[in-house]
Amino acid sequence: MAADGGNGYRWIGKRTIRPDGVDKVTGRANFGADFALPDMLVGKVLRSPYPHARIVSIDTSKAEALDGVKAIVTAADFPEITPENATFGSSPPNYRDMSRNLMARGKVLYDGHVLAAVAAVDSAAAIAAIGLIAVEYEILPHVTDVVAAMRPDAPLLHDDIFTAGAGPKPEKPSNVAKKVAFKLGDIEAGFAEADVIVEREYRTEGIHQAYIEPHAVVASAGADGQVTIWCSSQGHFMVRQYCAGLLGINIADIRVTAAEIGGGFGGKTTVYLEPVAVALSRKAGRPVKMVMSRNEVFRGTGPTSGAAISVRIGAKRDGRIVAATAELKLMAGAFPGAPIQPACMCAFTAYDIPNVEITGYDIVVNRPKTTAYRAPGAPISAYGVESALDELAQKLDIEPLALRERNAARQGTRTAYGPTLGVVGFEETLQAAREHPHFKSSLGPNQGRGIASGFWFNVGGESSSNVHVNEDGTITITSGSPDIGGSRASLVIMAAEVLGIDVDRVRAVIGDTASVGFNRHTGGSRVTFATGMTVVQAAEDIVVALRKRAALTWDIDVEAVIWEDGEARPAGDNAGKFEALTLRDIASQTPKTGGPIGARRSIMAQNPGAAFATHICDVEVDRETGQVKILRYTAVQDAGRAIHPGYVEGQIQGGVVQGIGWALNEEYIYGDDGCLQNAGFLDYRIPVASDLPMIEAVIVEVPNPSHPYGVRGVGEVPIVPPMAAVANAIHDAVGLRLTDLPMSPPKVLAAFDSES
Amino acid sequence: MATVILSTDLARAHTDGETNFEVEAATMRSLVRMLNERFPGLGPALGEGMAVAIDGQIYHDFFLEEIGPDSEVCFLPAIEGG
């Protein structure tokens with residue numbers, strides 16, 4: 001079992017058998033909706049049919065009288081959180097907004113806003129009870145468009161929003177929650193220097209994360225105040241923290257177990273059902289199960305922001321970009337919190353531009369509160385910037401990839417948000433794209449090729465894990481990070497690498513919130529990086545302990561014992577002649593050498609190492625139907641070090657496919673009545689396998705110096721370039737510059753019509 | 001002396017728009033304290049929802065970090081991912 005000779009590691013970089021694979025393909029994996037408890041009730045919610053209305057009254061008396069109904073809750077059953085107490089703790093959410101989002105108080109703010117919840121003995125009784133709840137509404141004017149919401153005469157969602165960051169506090173409230181700005185250099189001097197300037201406006205629609213598994217929870221509140229929750233979430237510690245804050249419960253009195261998760265993509269980084277199920281369970285004295293329908297998922301959860309974008313880029317004749325501005329208006333949904341900061345910060349970070357100015361607005365509209373979606377905000381700004389770059393390349397008569405090469409950010413490049421970049425691999429992705437056979441392949445009529453790049457920060461944060469040596473010398477890793485992208489495989493590989501043993505002798509499980517220290521939720525592409533470091537460090541602690549046990553057995557100094565190829569060996573001839581002790585040997589003797597061997601590590605992972613990607617997309621445009629077909633797609637990405645290349649490729653392919661959906665078909669469609677018209681997968685079109693070619697993932701490895709194996713997060717940046725890559729390919733194919741997502745057949749046909 | 005760079009928004013709110021400063025400090029804790037003495041209210045703002053890049057390396061939990069005499073210390077909004 002020597003090092004494989006490829007990269008110097010025994011296991012790092014190998015495509016080991018997926019530990020979650022068999023359970024998932026056989027249906028044995030337990031997702032959120034699979035869990036059940038004896039005596040369990042069924043919970044359902046009442047949702048508003050109006051996008052904006054004052055709640056005059058809610059009468060639950062008829063529903064309460066219905067046979068089988070055990071509990072009903074409204075906002076009155078939740079602690080009212082004052083503005084002064086809206087935030088507490090470190091990196092807090094706004095608990096007041098969160099509370100009002102999961103249960104409307106005073107007003108409903110979007111179609112699908114929850115007003116009440118029922119727990120009953122079965123689904124039929126719960127649904128019947130929901131129908132008996134009488135709500136009197138005073139209907140208010142609504143606004144679902146981001147630009148319309150900024151107008152002075154727009155219907156006002158909240159009377160306490162006074163634009164933050166806009167200099168002196170405005171005298172009047174508005175729907176603009178926040179204005180942010182980032183400046184670098186002298187923007188006017190920069191544009192004055194430019195020979196060529198491109199200026200263009202773009203729009204993107206709100207879209208959903210479209211995870212296949214709907215939200216699901218079982219909550220059980222005991223008479224002693226102890227609460228147990230089983231749910232599908234990206235962070236069970238986050239569920240514990242938010243439920244405690246929203247319901248006024250001690251964190252120690254809540255225990256949360258993470259179910260296997262069927263996708264999240266950022267959409268499961270908050271709570272919707274969990275606090276409601278707990279409130280119902282406390283009132284009913286029985287466990288309560290709640291599962292959303294797909295309609296509810298669309299109307300009540302996610303989505304990501306729709307946006308209005310304007311971009312201006314100026315360059316010298318030789319292709320050197322000298323100035324760039326962007327203005328981004330992102331819809332936050334019914335409560336503030338669009339990903340406006342990262343949208344602005346990522347906009348031009350891939351390029352070394354001396355003069356940059358970016359302004360962003362966080363705008364509330366009568367839609368569901370937005371939630372994170374893969375690289376939150378970055379795909380939106382990248383769509384505008386990377387499309388404008390393509391146009392600039394044409395004006396300059398420079399190959400689009402060459403324009404990016406000429407201006408590529410590298411280590412030491414100053415960003416518009418302040419710092420210089422560390423060790424990054426953007427240029428390496430451009431080089432790999434140029435050298436790829438796809439880039440050199442030929443195209444037919446109505447076919448075109450688009451290039452686009454993208455940047456995402458990646459995130460570190462709090463992680464904890466335990467590593468234990470079992471009695472037979474196998475290893476169990478207990479992590480607190482729900483596995484949504486293959487992190488169990490990565491943790492196993494890294495532990496096996498440190499310990500020098502076969503991966504089949506290592507298993508990783510996700511412990512509940514009482515079993516392992518705090519973990520920030522799985523998001524920000526952070527788990528293999530951050531939680532992986534805890535496992536590496538804990539495994540290194542185990543190695544030290546194993547050497548000590550061997551030293552004790554041989555009665556020699558621990559410094560005279562080395563750990564090599566999964567065995568304790570004397571360091572040299574001077575240490576004495578002893579038969580090597582395997583992990584299994586040492587484990588079998590632990591009762592005689594000091595007891596069980598285990599290690600735990602809790603860290604704040606810093607310096608996650610930024611991710612860059614460059615994509616090549618070929619399309620064919622049907623001039624008769626407006627359909628855009630993806631012919632070939634190659635995604636090049638710097639992964640730092642791919643611990644399990646198969647999962648890295650899966651992340652890249654998944655991100656690209658979601659980006660293609662965002663580009664071509666996905667959109668929230670609202671009627672004049674302010675209600676969502678396509679709350680289901682028949683009308684909300686996501687790409688399926690038959691729509692797509694195999695997405696070719698090319699992994700570039702520029703190791704992150706802050707990780708023992710060089711890991712960078714990989715899950716988010718692949719969704720950043722696709723919209724512009726597709727748009728640029730369409731332009732290359734048929735000469736249409738589409739600036740309004742999605743680039744669906746009706747819009748492509750309309751663009752042809754307007755051209756003619 | 002370390003060079004401190006504030007974001008445009010922080011500068012507008014706390015330093016009359018000035019974004020670059022020289023500060024003599026060995027740790028981030030003392031640097032933030034000194035900035036707060038110079039611009040009252042800036043210290044708490046730096047401790048809320050902010051990260052810091054020290055010589056290009058990003059730290060979310062930064063108060064215990066050491067800084068070199070020629071370090072560049074850049075405050076930026078903390079990022080959460082999806």
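Select Pro379(A) to begin: at 0% relative accessibility, this residue counts as buried (under 20% relative accessible area, with exposed being over 50% and partly exposed in between, for a 1.4 Å probe and protein chains only). The model is predicted, so local features need pLDDT of at least 70 and side-chain atom pairs count only at pLDDT 80 or more, whereas totals for chains, interfaces and linings use all residues. Residues are numbered from 1 along each chain as its sequence is written, chains are lettered from A and ligands numbered from 1 in the order in which they are written, and side-chain values use heavy atoms, with hydrogens and water left out.

Pro379(A) lies in helix α11 (residues 378–396) of chain A, helices being DSSP runs of H or I with at least four residues, numbered from the N terminus. Leaving aside neighbours within four places in sequence, Pro379(A) is in contact with Arg374(A), Trp662(A), Ile719(A), Val720(A) and Met723(A), where contact means heavy atoms within 4.5 Å.

Next, select α12 (residues 400–407) and α13 (residues 426–435) of chain A, whose axes come within 10 Å and cross at roughly 155 degrees (axes are lines fitted to C-alpha atoms, for helices over the stretch in contact, and angles run from 0 to 180 degrees between N-to-C directions). That makes α12(A) roughly antiparallel to α13(A), a term for angles over 145 degrees, while those under 35 count as roughly parallel. The contact is made by Leu401(A), Ala402(A), Arg404(A) and Glu405(A) of α12(A) with Leu430(A), Ala433(A) and Arg434(A) of α13(A).

Finally, select α15 (residues 487–499) and α16 (residues 527–554) of chain A, whose axes come within 9 Å and cross at roughly 30 degrees; α15(A) and α16(A) are therefore roughly parallel to each other.

Methods:
Helix = DSSP H or I, 4+ residues; strand = E, 2+ residues; numbered from the N terminus. Parallel < 35°, antiparallel > 145°, perpendicular 65-115°, else oblique.
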